[in-house]
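Biologist: I am new to this structure and would like a close look at a single part of it. Could you pick one helix and walk me through its surroundings?

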Amino acid sequence: MMKYEEKLLSLERIIKDYGQMALALSGGVDSTFLLLFSKKVLGDQLIAVTASAPNFAPDEIAYARELCQKEGIRHLIVDLGAEILSQFSHNPPDRCYICKKAIFSQVKQQVAAQFPHAVIVDGTNLDDMKDYRPGHKALAELSIASPLKEAGLTKAEIRRALKELGGDIWDKPAFACLASRIPYGETLTPEKLAAVYRAESVLRDLGFRQVRVRCHGNLARIEVAPEDRKKFFDLQFMDRVSALVKEAGFFYVTLDLIGYRMGSLNEEIQE
């Protein structure tokens, strides 16, 4: 098994071989690290690409834009509009595959038009392979490279490396596509996605760092880090959370008694 330092050297070799690289920048830890690391390797041969769609959080897109401006990196924003949802609004178990295929097909088309020699990459890491993620199949079909996974880097190693590079979000909690908050089979709409985003923003403003609001029709099921569940022992606090989440667009508000775990809506299809 390669050591941490060996993995970083491997990543550097992989990126050098690309020559020119277009990175799908989501604004999360993985793609932010890959952006800053790749800038040192490729310089102005690095291009960042961010997709804008209803299932992506607006603050993540804003962070990606600000980061590229700060670092002086060319940044292409691909606005997919609300109509992109029509391709996977029926929300089947392979939603992630359909979504990734639709989004990266358009990204690939626009990158090819402007940077025909660029290798398109994403921020998939080694740990991502442990969860149910049918989107990986779409990436393979479209020949999207995943250098972090190829170098064998885990999430913990990427956080460490980003901290060493001076990245200010090295300890940012994982944040997935907003559609992952809605159970398979329940129709995706811009209104539901916006309600989830508003409710999660409210909870983060209250001090919760790791949080998910799972949308079950007009019911919001809140997941917070297991150690944060005790905050809800306060009745006044529960009333406040309930009122704020209802203002975000829900009618009922409940707390998941187990707490946050990655991909909790996949548990039903994995049984």
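Modeller: Happy to help; what follows is a walk around helix H4 and then out to a few places beyond the helix. Please keep in mind that this is a predicted model.

Let's start with the helix itself. H4 covers residues 95-114, which makes 20 residues. From its first C-alpha to its last, H4 reaches 29 Å, close to the 28 Å expected at 1.5 Å a residue.

Which residues of H4 are buried? They are Arg95, Tyr97, Ile98, Cys99, Ala102, Ile103, Phe104, Val107 and Val111. As a general point, an α-helix has 3.6 residues a turn, so residues three or four places apart point the same way. The cover over the buried residues of H4 includes four strands, S1 (21-24), S2 (46-52), S3 (74-79) and S4 (119-121), as well as helix H5 (135-141).

Those strands deserve a look of their own. They form an open sheet in the order S3-S2-S1-S4, with parallel pairing. Because S3 and S4 stand at the edges with a single partner strand each, one side of each has no neighbour in the sheet. From one strand to the next, the twist averages 25°. S2 and S3 pair in the parallel sense over six bridges, and Ala48 stands opposite His75 in S3. Helix H2 (residues 29-42) lies across S1, S2 and S4 and runs at about 165° to S1. H4 also packs on this sheet, where it touches S1, S2, S3 and S4, and its direction makes about 135° with that of S3.

Now for the interior. The largest nonpolar core has 51 residues, and the members that touch the most others are Val49, Val111 and Phe250. H4 gives the most to this core, with eight residues. A second, separate core holds 33 residues, including Tyr18, Leu36, Ala64 and Val121. Back in the largest core, Phe250 touches, among residues over four places away in sequence, Ala195, Val196, Ala199, Val213 and Cys215, as well as Gly217, Asn218, Leu219, Ala220 and Val245.

One of the buried residues of H4, Cys99, leads us to the cysteines. A search of the whole structure finds zero disulfides. Cys177 is in no disulfide, and its nearest cysteine sulfur, that of Cys99, is 5.2 Å away. Is Cys177 buried, partly exposed or exposed? With a relative accessible area of 25%, Cys177 is partly exposed. Cys68, in contrast, counts as buried because its relative accessibility is 2%.

Finally, step back along the chain to the loop that leads into H4. Asn91 lies in this loop, between S3 and H4. Most residues other than glycine have a negative phi. The phi of Asn91 is near 60°, a positive value in a residue other than glycine. Asn91 counts as buried, because its relative accessibility is 0%. Ser143 also has a phi near 60°, again a positive value in a residue other than glycine. Ser143 lies in the loop between H5 and helix H6 (147-150), and at 57% relative accessibility it counts as exposed.

Conventions: Residues are numbered from 1 along each chain as its sequence is written. This is a predicted model: local features need pLDDT of at least 70, side-chain atom pairs count only at pLDDT 80 or more; totals for chains, interfaces and linings use all residues. Side-chain values use heavy atoms; hydrogens and water are left out. Helices (H or I, at least four residues) and strands (E, at least two) are DSSP runs, numbered from the N terminus. The expected span of a helix is 1.5 Å times one less than its number of residues. Buried means under 20% relative accessible area, exposed over 50%, partly exposed in between (1.4 Å probe, protein chains only). Contact means heavy atoms within 4.5 Å. A nonpolar core is a set of buried Ala, Val, Leu, Ile, Met, Phe, Trp, Tyr and Cys residues joined through side-chain atoms within 4.5 Å. A disulfide is a pair of cysteine sulfur atoms within 2.5 Å. Two strands pair if DSSP finds at least two bridges between them. Axes are lines fitted to C-alpha atoms, for helices over the stretch in contact, and angles run from 0 to 180 degrees between N-to-C directions.
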